[in-house]
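Visitor: I would like to go through the charged side chains of this model and ask, for each label, what justifies it.

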Amino acid sequence: MSASPPKPSPPLPRQSEMPRLARIGLAWLAVCAAIFVAVLLSLRFVAHMPSSHLTSLAWLMALTGAASLGVGLLALWLSDVAHVGGVRLRLSLPPLLTAVVVAINVVALSAMMRLNTADAQLVVGFVIFGVALALVVSLSVAREFSTSLGLVEAAARQIADGDYSFRLDAQQVNGGPELASLAQSFNRMADGVQQAFAERQRAEDERRQLMAALSHDVRTPVASLRAMIEAVDDGVVTDPETIARYQRTMRHEVRHLTDLLDQLFDLARLEAGTTALRRERVALSDLISDAIEATTPRANERGVHLTGDVAARLPTLELDARQIHRVLSNLLDNALRHTPAGGVIAMRAELAGAHLVRVRILDSGEGIAAADLPHVFQAAYRGETSRSRSTGAGAGLGLAIARQIIMAHGGEIHARSPLDDAGRALLATEAPSQAGPGTEISFTLPAS
């Protein structure tokens, strides 16, 4: 029974806006009070302002300060609570509020100075001009920022609509290093999304390919079994010799289906990471010797020369001996299926670094087509020419299982075809008459 998906955690309770505005108001009030005291003390003890003037100025500063704080809190309320205006208005509010606060203080100071009508009109006109200029400049600056944010938002819509190749032009995103960094982070996110989608698509293609291949490999033996059972049941086949031959064939087909299902189950567990490795200190030479010994009788039947060699002073490894033996057997079987009579298969183990051991399996067989080479470790991949099911390769899961086992051990596996000069020279020492492009499959295992 599959486990039910985890329930999403409930959203955190949102704090009310009034306490937030109250906290901001108290912080502003504390700052204004500190400035208020500092200004009065400076004027009293540094500028030696008379007490009467200082008292009037204190009242004026208190009133204008309160009015300024009220304007600021009102702007925050309209922006956050009432949701009035967009990004452009919110970005233009700080410089505009600064201009309004300055205007309030100038007007209040002018009223305190009891200017005549002409001077008062001059001050009012200058204040109106300053506020209007601040509004124009702040909206213009905010427009640049909001345009850049609009580009990011449009790019996000492109990604959401399935255009995973869309990228932001960092030169078009103005607004300083923060927005430039935002554009770069967005492009990195888009790269990750595109790669994840490609991986998902690749996995889906592999799944469909595997299902098609398995359908083909299951349908054939099932049809054969059905035909033979019906022939016996309907009395079409009655002689004991033919019935015995049918029974042998049916047992062979049942074993084939059992092996296929076992391989499919093992591959699913390996890909899911649910196969626990039973690691132990093992001499790789012993595993190679056992695998070659088990494969030699079939190699002799096919007329293929099989040889193995392990470098001296190869360290013992911590690995699952049963799984690595399975990898070696799969790779030898794969090479044997595609190496004609008179060919040669060589297995070599050597150090590939201070903490790395490499195992190579080389054959003088038909090779792998260049178009098929990147896909040979995919489950049930069907090549155009070489190594297809016409050669009796079965379900094509052996190399996929080998890859998963090696990856679970922290190693890597690769395929090369045709052989390079060094590989050809190595096989030539074992069988000078060897022909064919040949194939080398190698994997590495950590030595510590």
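Guide: What follows is a set of questions and answers on salt bridges, burial and charge in this predicted model.

Visitor: Why is the contact between D191 and R167 called a salt bridge?

Guide: The closest N and O atoms of D191 and R167 are 2.7 Å apart, and since the cut-off is a side-chain nitrogen of Lys or Arg within 4 Å of a carboxyl oxygen of Asp or Glu, the pair qualifies. By this rule the count comes to 10 salt bridges.

Visitor: What does the pair of D191 and R167 tie together?

Guide: D191 belongs to helix α5 (residues 177–233), whereas R167 sits in the loop between α4 (117–160) and α5, so the pair links parts that are 24 residues apart in sequence.

Visitor: How do you know whether D191 is buried, partly exposed or exposed?

Guide: D191 has a relative accessible area of 39%, and because buried means under 20% and exposed over 50%, with partly exposed in between, D191 is called partly exposed. R167, at 24% relative accessibility, also counts as partly exposed.

Visitor: What makes E230 and R226 a salt bridge, and where do they lie?

Guide: Their closest N and O atoms are 3.1 Å apart, which satisfies the limit of within 4 Å, so the label applies. Both residues lie in helix α5, four residues apart, about one turn of the helix.

Visitor: Why are E230 and R226 given their exposure labels?

Guide: E230 has a relative accessible area of 38%, so it falls in the partly exposed range, whereas R226, at 58% relative accessibility, is over the 50% limit and therefore counts as exposed.

Visitor: What makes R360 and E440 a salt bridge, and which strands hold them?

Guide: The closest N and O atoms of R360 and E440 are 2.9 Å apart. R360 lies in strand β5 (residues 356–363) and E440 in strand β7 (residues 439–446), so the pair ties together parts that are 80 residues apart in sequence. Both R360 and E440 are buried, and they belong to a network of salt bridges that links E350, R358, R360, R416, D420 and E440.

Visitor: How do you know that R248 can be part of a positive surface patch?

Guide: R248 forms the patch together with R245, R251 and R255, and R248 is found in helix α6 (residues 240–272). Its relative accessible area is 48%, and because patch residues need over 30% and no salt bridge, R248 meets the accessibility requirement. As 48% lies between the limits of 20% and 50%, R248 is called partly exposed.

Definitions and conventions:
Residues numbered from 1 in each chain as written. Predicted model: local features only at pLDDT ≥ 70, side-chain atom pairs only at ≥ 80, totals over all residues. Heavy atoms only, no water. Patch = residues over 30% accessible without salt bridge, like charges linked within 9 Å, V, L, I, M, F, W, Y side chains within 5 Å. Areas by Shrake-Rupley, 256 points an atom, 1.4 Å probe, with all protein chains shown as cover. Lys, Arg positive; Asp, Glu negative; His and termini not counted. Charge placed at Lys NZ, Arg CZ, Asp CG, Glu CD. Helix = DSSP H or I, 4+ residues; strand = E, 2+ residues; numbered from the N terminus. Buried < 20%, exposed > 50% of the residue type's maximum accessible area, 1.4 Å probe, protein only.
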